[in-house]
Amino acid sequence: QVQLVESGGGLVQAGDSLRLSCAASGRTFSSYVMGWFRQAPGKEREFVAAITWSGGSTFYVDSVKGRFTISRDKAKNTVDLQMSSLKPWDTAVYYCAAKERAGYYNRDYDYWGQGTQVTVSS
């Protein structure tokens, strides 16, 4: 019922900034959690950040705290991930995700976007 489309990926140098956007369509959200995950080649998909749709509470994996900021625009049904001080190990395919039930913020998501590639060169 929910479609998610990411945009904003690309090739940047270490230390640069990049903003990823996720546009949601379909059902109207209510008490959803939106998240960003990433997957590097040969690695498991990992949680990056999440935000509660209603209250705007945010959660981050330790490796991006202080560098990444997740935000949402409730009127536009969009979720952004502002990334700064990018490092080569941030290179991955980044996925937008949504979950429709309460629980852990870093797991059990119900809808996924197609992913957008972020490559950070050294």
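Two strands count as paired here if DSSP finds at least two bridges between them, and strands themselves are DSSP runs of E with at least two residues, numbered from the N terminus. By that yardstick strand 5 and strand 6 (residues 58-60) pair up, with 3 bridges and an antiparallel run.

A quick note on where this comes from: the model is predicted, local features need pLDDT of at least 70, side-chain atom pairs count only at pLDDT 80 or more, and totals for chains, interfaces and linings use all residues. Residues are numbered from 1 along each chain as its sequence is written, and side-chain values use heavy atoms, with hydrogens and water left out.

**Around strand 5**

Strand 5 (residues 46-52) also pairs with strand 4 (residues 33-39), again antiparallel, through 6 bridges. A50 is a handy landmark: G35 stands opposite A50 on the strand 4 side, and F59 stands opposite A50 in strand 6. Of the 7 residues of strand 5, 5 are buried, so the strand is largely enclosed by the rest of the structure; buried means under 20% relative accessible area with a 1.4 Å probe, protein chains only.

Both pairings are hairpins, and here is how their connections look:

| Hairpin | Residues between strands | Glycine with positive phi |
|---|---|---|
| Strand 4 and strand 5 | 6 residues | G42, about 75° |
| Strand 5 and strand 6 | 5 residues | G56, near 80° |

**The four-stranded sheet**

Elsewhere there is an open sheet of 4 strands in the order 1-3-8-7, paired antiparallel. Its edges are strand 1 (2-7) and strand 7 (68-73), each pairing on one side only. Neighbouring strands in this sheet are turned by 15° against each other on average, direction ignored, going by axes fitted to C-alpha atoms. Strand 7 joins strand 8 (residues 78-83) through 6 bridges, antiparallel, and I70 stands opposite L81 in strand 8.

**A buried lysine**

What does K99 do for a charge partner? K99, which lies in strand 9 (residues 92-99), is buried yet has no salt bridge, and D108, the nearest side chain of opposite charge, is 5.1 Å away. A salt bridge would need a side-chain nitrogen of Lys or Arg within 4 Å of a carboxyl oxygen of Asp or Glu. On the other hand, a polar atom of the K99 side chain lies 2.8 Å from the backbone oxygen of R107. Not counting residues up to four places away in sequence, K99 touches Y32, V33, Y104, Y105, R107, D108, Y109 and D110, where contact means heavy atoms within 4.5 Å.

Notes
Buried < 20%, exposed > 50% of the residue type's maximum accessible area, 1.4 Å probe, protein only. Axes fitted to C-alpha atoms, helices over the stretch in contact; angles between N-to-C directions. Lys, Arg positive; Asp, Glu negative; His and termini not counted. Polar contact = N/O pair within 3.5 Å; in protein donor to acceptor, adjacent residues only side chain to side chain.
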